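Me: I would like a close look at a single part of this model, namely the region where its domains meet and the spaces found around it. Please give one connected account.

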Amino acid sequence: MKVDTAIIGAGAAGMMSAAHAGGRVLLVDHAKAPGEKIRISGGGRCNFTNLHCDPSAFLSRNQHFAKSALARYTQWDFIALVEAHGIPWHEKTLGQLFCDTSAKDIVAMLRRMMQAAGVDLHLQSTASQFANTTDGFSFDLQGPDYTGKVSATRLVIATGGKSIPKMGATGLAYDIARRFDVPVTETRAGLVPFTFADGRFAEISGVATPARITAGGTSFDEALLFTHRGLSGPAVLQASSYWKEGEEITVNLCPEMDIFEDLRTRRQARGRKNLTTELAQHLPARLVDHLAKQMDLTGNLADWSDTGLQSLVTHLQNWHLTPGGTEGYRTAEVTLGGVDTDALSSRSMMTPAVPGLYFIGEAVDVTGWLGGYNFQWAWSSAMAAARDIAG
Ligand SMILES: Cc1cc2nc3c(=O)[nH]c(=O)nc-3n(C[C@H](O)[C@H](O)[C@H](O)COP(=O)(O)OP(=O)(O)OC[C@H]3O[C@@H](n4cnc5c(N)ncnc54)[C@H](O)[C@@H]3O)c2cc1C
């Protein structure tokens, strides 16, 4: 088989680039269906972009790399596409845009676009033995639609990261990069819950509260969720991308208010009330019970001096914890690190050292925050490659 462009990986980035590359395009995936992560994303509604998408919401060894692709295909471009296809959407919170009906609308849109562009989609197919040829690349394809050699003028790698192996995630992008001497930065799980080996939060599992979580010098104010295994919730997932093994995190359970002044005022008006009863005005009662046991919080408010209250508040706002680890790739929403951006053109996503070879989407060392940023990177990086290919 001879094609102009072979794209490996029919996820968000692979489908988007296939629909726009032009010429004869072959799209290969080992899964039964394309866009499986889109389908399950955002609780089945796909948080497909973010109104506030900006390069500062992305992690990479080169903070500037994502700027070009994000500027040339923006969240507004993707919103216009979604609207042109009549997909109803809404903003949930913090600029996060979701489908009103189903994430399947996005998959169906991409499939329609690919069909219109005449993309040849091969599912349940594996590609191996990638090599350079005089006029491009070759690889072996094995699947129900075709088994044999493929030669392609251009090769686009869109196989994503290692997150959720159960859904078919593999490290193929990194293997192909190494095969062509393209460097790969260290990878680790991102947007992932923290674990504590001693199960210390099991008794308050299910309790959620607004909090500020700080890891690696970066803070996020969103919900914190206690789990049997440790800590989760949006604030924790966000912070996890900035956390490194062995480091401490800080939890501020009262980020929004001056709780010290409030407790002093309450002490004057309601001094005979239990401290824990008054704390439960600010924090979930089960969390207060848990903290009361840990910190020996007994007595009435009137029994507490200013110094005592101040040290309690300092503890609530500066709770230092050292996670034992994370839940890893098994549940991580993304993979941090990946194909080294130093080896790619930020305008086209092509590797200048291997002309015609492109890496797009999550496979690249660009990782977004929670909230639609990772899909926007998939769309933007895919369009950078597709436009370069289409000329
Ligand atoms: C549970 C969950 C929810 C998420 N929710 C959101 C959200 O709401 N908003 C958001 O912005 N981001 C979300 N993300 C992140 C987002 O899904 C990814 O960043 C995005 O899908 C990356 O797109 P991609 O095309 O690079 O890779 P993927 O979408 O992962 O696609 C890679 C494709 O390559 C295929 N593949 C892999 N290995 C091989 C191989 N060896 N041979 C052949 N094919 C292969 C896979 O089957 C897959 O189809 C979520 C992630 C998860 C896990």
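Reply: In what follows, Ala, Val, Leu, Ile, Met, Phe, Trp, Tyr, Cys and Pro count as nonpolar, Asp, Glu, Lys and Arg as charged, and the others, Gly among them, as polar. The model is predicted.

With those classes in hand, the second largest pocket can be described. This pocket holds about 300 Å³ of space. Its lining divides into 5 charged, 5 polar and 2 nonpolar residues. The lining residues are Leu59, Ser60, Arg61, Gln63, Thr185, Glu186, Arg188, Lys244, Leu336, Gly337, Asp365 and Thr367. Lys244 falls within the bounds of domain 2, 193–326, whereas domain 1 is made of two segments, 2–189 and 331–390.

Arg188 leads from the pocket to the interface of the domains. The C-alpha centres of domain 1 and domain 2 are 39 Å apart. At the interface, 8 residues of domain 1 are in contact with 12 residues of domain 2, and the area buried between the domains is about 840 Å², of which 54% lies on carbon and sulfur atoms. Of the area that domain 1 buries against domain 2, Arg188, Trp369 and Leu370 supply 52%, more than any other three residues.

As for polar interactions, 0 salt bridges are counted between domain 1 and domain 2, while 4 residue pairs, both members at pLDDT 80 or more, are in polar contact across the interface. On the side of domain 1 that touches domain 2, the residues divide into 6 nonpolar, 1 polar and 1 charged.

Finally, there is an enclosed space to consider. The count of cavities of 30 Å³ or more is 1, and the largest cavity has a volume of about 40 Å³. Lining this cavity are Pro55, Phe58, Leu59, Ser60, Asn62, Gln63, His64, Phe65, Ala66 and Val366. Leu59, Ser60 and Gln63 appear in the linings of both the second largest pocket and the largest cavity. The cavity lining comprises 6 nonpolar and 4 polar residues, with no charged residue, whereas the lining of the second largest pocket includes 5 charged residues.

Methods. Residues numbered from 1 in each chain as written. Predicted model: local features only at pLDDT ≥ 70, side-chain atom pairs only at ≥ 80, totals over all residues. Heavy atoms only, no water. Domains from an automatic or database assignment. Contact = heavy atoms within 4.5 Å. Buried area = accessible area lost by both parts, 1.4 Å probe. Salt bridge = Lys/Arg side-chain N within 4 Å of Asp/Glu carboxyl O. Polar contact = N/O pair within 3.5 Å; in protein donor to acceptor, adjacent residues only side chain to side chain. 1 Å grid on protein atoms, 1.4 Å probe; cavity = no way out; pocket = protein on both sides within 12 Å on 5 of 7 lines; lining within 4 Å. Points joined across faces, edges and corners; volume = space filled by probe spheres on them.
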